[in-house]
Amino acid sequence: MNNNQLYPFERNRYYPGKMLTTADFQAEQNYHINKIRFLNDLMYGSGVICGLGVFSLDDQSILIESGAAIDGCGREVIIDSSTVKKLSTLEGFDSITGDSARLCVRYKEQEVHSVYSLNHNEDGKEYEFNRISEGYELFLTENDDRDNGYAQDIEFLAREVMFKSENYIGEILMPFTVCKNNNIKIVLEIRKLSAENVKLSCRGLLETPVFVTAEGAHEIEIGVEDLVLQKGETIRKEYWVHVQDNPAVSTELILRSGTAVALEDDAAITTSPNFSIRVKMTNVTPMELVSIETSKKNLEMRGIGLLDDSIPLADIKLVKNANNYLIDTINEDSAKKYILTPAQILKRNEYISYYVKQVDIRDTQKERPVQQISRVENRPSEFSNIATGTLEVPLGKNAREGDIRYSGEIPHGLGNGNVYVDIGYSHITDDPELSANQKCTIYGNPDLFSRRSEQMTDVETAVKVLNEKGSFVVAVKLLRNVDYLSLNFRWVAIKFPSGDDTELTEDYYDKSISVATPTVIMGTKESHFFSVRFNNMKATAITYELTSPGSGEISSDGIYTAPAKEGVYEIRIYCTEMPVICTYAYAIVRKKMIDEPTEDRGSSSANNDGTFGGIL
């Protein structure tokens, strides 16, 4: 182990007549050496730069290729030529107790080149070593023996234990801060703690108030079935959700009461009784957030503790016979961490160009959105309620009659609200009167003009305006086969004036919200998330409030915490921008007996169909 704090830096000051001693020359070397190692650690971190591949030659021997790496102290570790080693000759081999080991390399200095010393030391040595060789040494260790020191992930990721036993630990992790209107990954991580051959099954229902799945749900079924791991092995299951644009500054994820179950060989193990993860919500982009998080680690945080000076190269699975260990398999991916240098990034970009096209790939499948090119034109300030522009809808090759193509989402620049958008088909036509070609735009049915020009492309169009997002989407249906790769259109958008006269009561007709489980039975101090369904309307911001004091607590994202007192408590739920659309939920709170199940149960009342939702 080595402390990687190489600063503060101190260099020699030279002046006329200064007497230089061994300490001065050592200080000169240390200044430059430590500066390089400090920059290596800050700029690159630790890991393999190139090479250092590990291969099995026979049951007991391995080949380590030449290569370079940087350790946790910023020191360069270089294996200048490929080397062959027997496992039994490596340090740490005699300490292996399990069926796997990790091959590592670390920096090692060695004094070389013995020369005669004119000034003998006190011990009377006549010879001194004249050089220091910067070398390396290979060794074996148990997979979970390495000390990684301070982990920056603890500042970025929230972790909460779902279950734990002597054999397994299961945790749910996600970023402490999430970005609104972006996707986020929630991970179930399971790690094996023992060498026992035990089968694990676990499951639970994770409630996500402001996160929605691809199916539009506010809950995620998590878990694994019949999982068997080796000691030190870890698996991760990923669950992707979308963060809604909610006014809340924080939110909480909870495991629905009674749904968390973990079994080892059909025997139940302890699960977390009050599982919850609280995360912050922000309007910044993920790139901005990650840039801040990766840069805010200060020097004190980087210097905490002693860092492991070893660099993992491979995990080796072993088979033990009567007299020795034999090599079964070698896995580099699970152990090795690579460093991308600027030169490698340039080469990587060159190689990746063979797999990723730099321009948008046009989708030729039927009835599927594709990328589009759109330009909003400048308009005078006196026409602030009018916008116009052009757009291009790619068709792909061999477009045929009846094919439907969609543009992407196009912002019109007039903001949210009631906006009318019309589009016209632009093309070049032959004008016999002018004896020249001229550009024209047709709004409406182009079939009325198709007989006058053989170059006309007959299309049928429709526009979908997204009032709450300030944008629109265009759909194009071909009325005959064409050989064009794209169609050009001009669009015109007009924003209607806003005011009380446009907010008619009819706008709320047939719109309502309802609660997925309007009545729940729960214990004192327990939490429950009231998920809302939107009927004949788009999802919008929701406000939760208690109708009487002493009813417990309700968060802005719909997580209700019961009070310590038994009773029936009412929660009012309404659309933030349209309070007239509301519904109610009820919590029946009672102290639970020891043997009573803790899972939620919806009321058998007719209210379960959501008929509370509607207009007051």
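Good morning. Just after helix α1, Gly-45 takes a positive phi of about 75°. I begin at this glycine and work outwards; please bear in mind throughout that the model is predicted.

Let us step back into the helix itself. Helix α1 covers residues 22-43, which is 22 residues. From its first C-alpha to its last it reaches 32 Å, close to the 32 Å expected at 1.5 Å a residue. Which residues of α1 are buried? They are Asp-24, Tyr-31, Arg-37, Phe-38, Asn-40 and Asp-41. As general background, an α-helix has 3.6 residues a turn, so residues three or four places apart point the same way.

Several of these helix residues reappear when we turn to the rings. Tyr-31 and Phe-38 join Phe-9 in one aromatic cluster. Arg-37, for its part, lies over the face of Tyr-107, at 5.4 Å from the ring centre. A similar arrangement involves Lys-18, placed over the face of Tyr-14 at 5.5 Å from the ring centre.

How many aromatic pairs does a search of the whole structure find? The search finds 6. One of them consists of Phe-93 and Tyr-325, which meet edge-to-face, with 6.1 Å centre to centre and 85° between the planes. This pair links distant parts of the chain, 232 residues apart. Phe-93 is in the loop between β6 (83-86) and β7 (100-116), while Tyr-325 belongs to strand β22, residues 325-331. Are these two rings buried or exposed? Phe-93 counts as buried because its relative accessibility is 10%, and Tyr-325 is likewise buried, with a relative accessible area of 9%.

A second edge-to-face pair is formed by Tyr-116 and Tyr-127, at 5.8 Å centre to centre and with 80° between the planes. Tyr-116 lies in strand β7 and Tyr-127 in strand β8 (residues 127-141), so this pair ties together parts that are 11 residues apart in sequence. Here the accessibility values are 47% for Tyr-116 and 49% for Tyr-127. Both residues therefore count as partly exposed.

I turn next to a sheet. Three strands form an open sheet in the order β1-β4-β5, and the pairing is antiparallel. The edge strands are β1 (47-51) and β5 (76-79), each of which pairs on one side only. From one strand to the next, the twist averages 15°. Strand β4, residues 67-70, is joined to β5 by 4 bridges. To locate one of these contacts on the model, look for Ala-69, whose bridge partner in β5 is Val-77. In general, strands of a sheet pair through backbone hydrogen bonds, either parallel or antiparallel.

Finally, the cysteines. How many disulfides does the structure hold? There are 0. Cys-582 lets us follow the reasoning in one case. Its closest cysteine sulfur is in Cys-575, at 8.8 Å. A disulfide requires the two sulfur atoms to be within 2.5 Å, so the sulfur of Cys-582 is too far away for a bond. As for its surroundings, Cys-582 is buried, with a relative accessible area of 2%. Cys-50, at 39% relative accessibility, counts as partly exposed.

To close, I would ask you to keep two places in mind as you look at the model. One is helix α1, where the buried residues include Tyr-31 and Phe-38, both members of the aromatic cluster with Phe-9. The other is the pair of Phe-93 and Tyr-325, linking parts of the chain that are 232 residues apart. Thank you for your attention.

Notes
Residues are numbered from 1 along each chain as its sequence is written. This is a predicted model: local features need pLDDT of at least 70, side-chain atom pairs count only at pLDDT 80 or more; totals for chains, interfaces and linings use all residues. Side-chain values use heavy atoms; hydrogens and water are left out. Buried means under 20% relative accessible area, exposed over 50%, partly exposed in between (1.4 Å probe, protein chains only). Two strands pair if DSSP finds at least two bridges between them. Helices (H or I, at least four residues) and strands (E, at least two) are DSSP runs, numbered from the N terminus. Axes are lines fitted to C-alpha atoms, for helices over the stretch in contact, and angles run from 0 to 180 degrees between N-to-C directions. The expected span of a helix is 1.5 Å times one less than its number of residues. Rings of Phe, Tyr and Trp (its six-membered ring) pair if their centres lie within 6.5 Å; planes under 30 degrees apart count as stacked, over 60 as edge-to-face and the rest as tilted. A charge sits over a ring if NZ of Lys or CZ of Arg is within 6 Å of the ring centre and within 35 degrees of the ring normal.
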